[in-house]
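The following exercises concern strand pairing and helix packing. Please consult the sequence and the structure shown below before reading each solution.

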Amino acid sequence: MKTTTRVAVIGGGVVGCSVLYHLTKLGWSDVMLIERSELTSGSTWHAAGGFHTINGDTNMCALQGYTIGLYRELEALTGMSCGLHHVGGVTLAESQERFDMMVAERAKHKHMGLDTRIVGPEEIKEIAPITNLDGIIGGLYDPLDGHLDPSGTTHAYAKAARLGGATIEQHCKVEELNQRPDGTWDVVTEKGTIHAEHIVNAAGLWAREVGQMAGVYHPLHPMEHQYIVTDDIPEIYARDNEHPHVMDPAGESYLRQEGRGLCIGFYEQKCRPWAVDGTPWSFGHELLADDFDKIEDSIAFAYKRFPILETAGVKSVIHGPFTFAPDGNPLVGPVQGLSNYWSACAVMAGFSQGGGVGLMLAQWLVEGECERDTSAMDVSRYGNWVTEDFTRPKVIENYQTRFSVVYPNEELPAARPFRTTSMYDIFDGMNAVWGQQYGLEVVNYFAAEGEPRYETPSFRRSNAFDATAREVAAVRSGVGINELQNFGKYEVTGENARAWLDRVMAGRIPQPGRLSLTPMLSDRGRLIGDFTVSCLSDHHFQLTASYGAQAYHLRWFEQQASPGVTVRNVSDDRTGFQIAGPNAAKLLQDCTRTDVSKIRFLDVVHMNVGMAPCLVQRVSYTGDLGFEIYTSPMTQRHLWHTLWEAGQSHDITPFGMRAMMSLRLDKFFGSWMSEFSPDYTAAETGLDRFISFKKNADFIGRDAAERERSTPPPRILSAFEVDAVDADVVGYEPIFLDGQVSGFCTSGGFSHYAQKSIALGFVPRDQAQPGLQAEIEILGDMRAATLITKPLFDADGARMRGT
């Protein structure tokens, strides 16, 4: 057995073998895979083997498309069969809400180049004749749907990796993971110790146990899953071609042909988590005992949807565990706080996603960053606040809602509330309707007396519309107050803090008492952060950014560590409120002895507000006259009472995130992970106006930014006024110019201030002129849209910058 390797991949399922192959594909041959038993032991061998491209996240969708296309490449490379069956598949819609979702997804596919289509009942009958279409409105057809041989595919990955120089060590259980001072690892196995520069946890059902060896908790949990294979059915084997896949969300089932019969699996409501206290090391090629009781309701529904099943005999029952993360997406990438440790876990759809996961992780390792945004599967989307008892109910919820309609405004209830601020009971008493971000309860809006304390999930304007309108009007006419907890906040200190920030941030680093806005770029010039930098003194700075990107940004800061600089996450150590609106300065003046009139736009001031020591910044995401007021959690309630009581004479109104996202549209302000993400560059989004090309610093991504400065990219972010009716842009809707898909939306909504529907999106730069006429497809309707460049509110910035 080899005793040294550049990368040790732990786990011999489809994901581990894909990672191993892609590392060799990118040129790293000194890599090895370590498997406790044999390849496919775990959940791979008993998988149903289905694959499909459709996914709510466009990057995941693209990676699934890559995975499916990779199988022919593997077959050609290795001479082995993956057992491919490209039969196509249709997902059924039994309600208008589900049909709306399918139409919205089909619209996304248009700008992605996917060949899906909406089909009606008559065409569904031709595609899948065994289906009872009672109550079916329509469906979404994907010609790339299919299935394969799980074992053959996994061994094809393995052979391809071996051809590239990789080593595979089977029957070699990992017993310990010990990190050396230089960041490399000693992988202690039953056959001896392997010294590895990097380790990749692709251990599947044992990912929790392998993580614990390195002191890492991975938020995932195995779930029991059951599918049935029938005896031969004449109506199936007598067909001229193979019966396609049918997904029946109402029945929580998926169905396909298996040999001369059918295979049908269920995501039942009576689901059960497996191995709550840990996966036994002795588990391998076993199956769980048959359990028809938990799927009896699903089977009864399936008999109605597919009557042919009722008379079909059962050939076999496959009942085994596989792992989920709380949101159902994989956990991939380097783990923040631990060097050279990589996750490739919770890939529950291994034969749809395994190739893409392997490619992204290999690119990350070999090239330093991925070719596309991996946020939907980045392990950093969960912080160190996640516990086993949070993960388990969220995983159960995800399993039970696997086939549920996914609404853009939906807030799922499991494991909530969990993380709250000291304002939770006060806001709850004011009829707050809650959302969550990064596990934190955040106010979406405040319901009036008599209004429900629940936002109805919808693709159209919801029952939050009137409440949001009230809060927007209150900000624009008086003063609104909103909690500031949900910002990521970092303290940067040390004698080299300014030089470090000049290298890490692309924008200008301000002088003491001032703040600036700056993008943070990757080496390739991609956007990896949108920051406010506040200079508190020559060697002391505060950074603010997205609350949900804490682990993501901390991981980057750790990778850029430099002597004489300390970076500390203070996201939950500093909290407070923002106040915004024409009366904001008057309110603040009534609460402090400091002369507020001397606080200029973009100033940063230490001052007492009431008795609370605060850091006050003259800036607001609402685009209005506003202040961000930071204090400690210990004095937050005092600060609230001080502002609230003084605000009674200034028309003070609390507002939530629904109003915030409407207010920002008035100024065309972008949002992190909508307009600003690693998929885009500063020059594409307009953030290049905040890049300081004059500063004497070789900031990260400078070469790429300079190239785009001299040769602007072909697309640019633009704003549109949309002739919408009862539904607004959410994101990824196609933008049509002269009848052709020429761009896509990044986000949108209704500007309650201007009484207009607004969309932000990318269009060709050479056509992005004021007045450009376009069409945007919203829920299947082509809506006229006009490109606009003048902000809807305070176009010259006089109120935002004035007093």
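Two strands pair if DSSP finds at least two bridges between them; helices (H or I, at least four residues) and strands (E, at least two) are DSSP runs, numbered from the N terminus. The model is predicted, with local features needing pLDDT of at least 70, side-chain atom pairs pLDDT 80 or more, and totals for chains, interfaces and linings using all residues. Residues are numbered from 1 along each chain as its sequence is written, and side-chain values use heavy atoms, without hydrogens and water.

**Exercise 1.** Determine how strand 25 is joined to strand 26, and place both in their sheet.

Solution. Strand 25 (residues 527-537) and strand 26 (residues 540-546) run antiparallel and are joined by 5 bridges. Serine 534 has glutamine 542 of strand 26 as its bridge partner. Both strands belong to an open sheet of 5 strands, paired antiparallel in the order 24-25-26-23-27. Strand 24 (515-521) and strand 27 (566-569) are the edges, each pairing on one side only.

**Exercise 2.** Classify the packing of helix 1 against helix 9.

Solution. Helix 1 (residues 14-25) packs on helix 9 (residues 350-367) at about 40 degrees, the axes being 8 Å apart. Axes are lines fitted to C-alpha atoms, for helices over the stretch in contact (heavy atoms within 4.5 Å), and angles run from 0 to 180 degrees between N-to-C directions. Helix 1 is therefore oblique to helix 9, as angles under 35 degrees count as roughly parallel, over 145 as roughly antiparallel, 65 to 115 as roughly perpendicular and the rest as oblique. Contacting residues include Val14 and His22 of helix 1 and Phe351 and Leu365 of helix 9.
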